[in-house]
Amino acid sequence: GKGVAEDVVKAAELYGKAADQGNADAQNNLGRMYELGKGVAQDVVKAAELYGKAADQGNAYGQYILGRMYEHGKGVVQDVVKAAELYGKAADQGNAFGQYNLGRMYEHGKGVVQDVVKARRLYELAEAKGHANARGRLDALR
């Protein structure tokens, strides 16, 4: 922490209180702690539930990260169609990770009908937001 010793157990406790009050950022942060087992016992199912609460509130990061969980079947039953849908919701809000990952789904026809034109456009949007891998995918599509 800033000005205090780092205490991940205390951080998890405080995020938990805020998450219980519906704070989407706290839900995402606590979800990440559960996903990694940092300050709490690792529990990817609990992580997915917390990301889902944030996503349900329209939080773009929650939508992106829950999409990743669905794409890889981490804490949820794998569902690439649901993953693409969640990436799309995040992308529509300008989230570079959602844009990049939805682009990947379109590039490879994963959960969506393959469409390289849409993939390219999404990669361009992600690159404009500074996503590190977008340029490489654009170069590969030329």
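Which hand does the crossing of H1 and H2 have, left or right? Here are some friendly notes on that and a few other points; please keep in mind that this is a predicted model.

1. **The opening helix pair.** To take the question straight away, H1 passes H2 in a left-handed crossing. Helix H1 covers residues 8-20, and helix H2 covers residues 24-36. Their axes come within 8 Å and cross at roughly 140 degrees. An angle over 145 degrees would count as roughly antiparallel, so at this value H1 and H2 are classed as oblique to each other.

2. **Who touches whom in H1 and H2.** On the H1 side, the contact is made by Val8, Ala11, Ala12, Tyr15, Gly16, Ala18 and Ala19. H2 answers with Ala26, Gln27, Asn29, Leu30 and Met33. By class, this contact has nine nonpolar and three polar residues, with no charged ones.

3. **The overall fold.** Stepping back, the protein has eight helices and zero strands, so you can read its pattern along the sequence as α-α-α-α-α-α-α-α. Its C-alpha atoms fill a box of roughly 50 × 35 × 25 Å along the principal axes.

4. **A second helix pair.** Further along the chain, H4 (residues 60-72) packs with H5 (residues 80-92), their axes 8 Å apart and at an angle of about 160 degrees. That angle is over the 145 degree cut-off, and H4 and H5 are therefore roughly antiparallel to each other. The crossing of H4 and H5 is left-handed.

5. **Who touches whom in H4 and H5.** From H4, the contact draws on Ala60, Gln63, Tyr64, Leu66, Gly67, Arg68, Tyr70 and Glu71. From H5 come Val80, Lys82, Ala83, Leu86, Tyr87, Lys89 and Ala90. These residues divide into nine nonpolar, two polar and four charged.

6. **Aromatic side chains.** If you enjoy following rings, look at Tyr61, Tyr64, Tyr87 and Phe97, which form one aromatic cluster. Two of its members, Tyr64 of H4 and Tyr87 of H5, also appear in the helix contact described above. A search of the whole structure finds four aromatic pairs.

7. **Salt bridges.** The same kind of search, run for salt bridges over the whole structure, finds 14. One to look up is Arg32 with Glu35, where the closest N and O atoms are 3.5 Å apart. Both residues lie in helix H2, three residues apart, or about one turn of the helix.

Terms used: Residues numbered from 1 in each chain as written. Predicted model: local features only at pLDDT ≥ 70, side-chain atom pairs only at ≥ 80, totals over all residues. Heavy atoms only, no water. Phe/Tyr/Trp six-rings, centres within 6.5 Å; stacked < 30°, edge-to-face > 60°. Axes fitted to C-alpha atoms, helices over the stretch in contact; angles between N-to-C directions. Helix = DSSP H or I, 4+ residues; strand = E, 2+ residues; numbered from the N terminus. Parallel < 35°, antiparallel > 145°, perpendicular 65-115°, else oblique. Left-handed = near helix turned anticlockwise from the far one by under 90°. Contact = heavy atoms within 4.5 Å. Nonpolar A, V, L, I, M, F, W, Y, C, P; charged D, E, K, R; others polar. Salt bridge = Lys/Arg side-chain N within 4 Å of Asp/Glu carboxyl O.
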